[in-house]
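User: I'd like to learn how to read charged residues and pockets in a model like this one. Can you walk me through it?
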Amino acid sequence: MEWLESLGYIGLFLGTLLAATIIPFSSDILLIALLATGADPVLSVLVASAGNWTGGMISYYMGRLGKWEWLQKWFKIKPETLQKQKARIDKYGSTLAFFSWLPGIGDILAIGLGFYKVNARKVALFMLIGKSARFVLWGILYHYAQPFFLQ
């Protein structure tokens with residue numbers, strides 16, 4: 001992960017993209033690490049949001065392709081898992097994409113929304129809002145917590 005930090009904003013984008021797809025690690029840590037180097041907070045939040053949203057949309061489109069072999073190989077998702085989510089997806093639709101930032105279930109939500117071919121534009125919008133809100137919150141928390149660590 002240190003090599004991603006050394007890449008600055010490009011590393012943040014790539015890291016947050018990968019964290020929303022096949023590589024299980026925390027994109028929040030990448031954002032905080034870059035902010036700790038003195039990076040611009042607004043640009044960092046924008047880059048992290050864009051990267052994580054792009055990764056989430058990749059997951060959505062992987063689900064939309066509907067190839068079980070890929071979902072099992074790359075995301076370790078079993079058919080039963082997506083079938084259990086069908087009732088929630090039918091009930092809440094694209095608004096579930098807002099919660100795609102959640103650890104553990106976010107990627108499965110994105111894949112499930114794609115698999116059940118929920119409206120891509122609505123999914124993209126709600127996913128962008130949710131993932132951006134996450135990084136804005138981390139940026140604010142870092143801003144207010146930083147003085148306590150620099151004493």
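Analyst: Sure. Let's begin with burial: a residue counts as buried when its relative accessible area is under 20%, and as exposed when that value is over 50%. Keep in mind that this is a predicted model. Take Arg134: its relative accessible area is 13%, so it is buried.

User: How many salt bridges does a search of the whole structure find?

Analyst: The general idea is that a side-chain nitrogen of Lys or Arg has to sit within 4 Å of a carboxyl oxygen of Asp or Glu. Here the search turns up two salt bridges. One joins Asp28 and Arg134, with N to O at 2.8 Å. That pair ties together distant parts of the chain, since Asp28 belongs to helix H3 and Arg134 to helix H8, 106 residues apart.

User: Is Asp28 buried or exposed?

Analyst: Asp28 has 13% relative accessibility, so it counts as buried. Arg134 is buried too, at 13%.

User: And what does Asp90 pair with?

Analyst: Asp90 forms a salt bridge with Lys86, and their closest N and O atoms are 3.0 Å apart. Both residues lie in helix H6, four residues apart, which is about one turn of the helix. On burial, Asp90 is exposed because its relative accessible area is 52%, while Lys86, at 32%, is partly exposed.

User: Which side chain of opposite charge is nearest to Lys131?

Analyst: That's Asp107, 5.3 Å away; Lys131 is buried yet has no salt bridge. The cut-off for a salt bridge is 4 Å, so a 5.3 Å separation doesn't qualify. Lys131, which is in helix H8, does make a side-chain polar contact with the side chain of Asn52, at 2.9 Å.

User: Where is Lys76, for contrast?

Analyst: Lys76 is in the loop between H5 and helix H6. With a relative accessible area of 65%, Lys76 is exposed. Its C-alpha atom is separated from that of Ala33 by 28 Å, and the two residues are 43 apart along the chain.

User: Now pockets. What is the volume of the largest pocket?

Analyst: About 380 Å³. To read a pocket, look at its lining: there are 25 lining residues, and the closest to the centre are Ala19, Ile23, Pro24, Gly104 and Asp107. Helices H3, H5, H7 and H8 each give two or more residues to the lining, and H7 gives the most, with three.

User: How many of the lining residues are nonpolar, polar and charged?

Analyst: The lining divides into 13 nonpolar, seven polar and five charged residues.

Definitions and conventions. Residues numbered from 1 in each chain as written. Predicted model: local features only at pLDDT ≥ 70, side-chain atom pairs only at ≥ 80, totals over all residues. Heavy atoms only, no water. 1 Å grid on protein atoms, 1.4 Å probe; cavity = no way out; pocket = protein on both sides within 12 Å on 5 of 7 lines; lining within 4 Å. Points joined across faces, edges and corners; volume = space filled by probe spheres on them. Nonpolar A, V, L, I, M, F, W, Y, C, P; charged D, E, K, R; others polar. Buried < 20%, exposed > 50% of the residue type's maximum accessible area, 1.4 Å probe, protein only. Lys, Arg positive; Asp, Glu negative; His and termini not counted. Polar contact = N/O pair within 3.5 Å; in protein donor to acceptor, adjacent residues only side chain to side chain.
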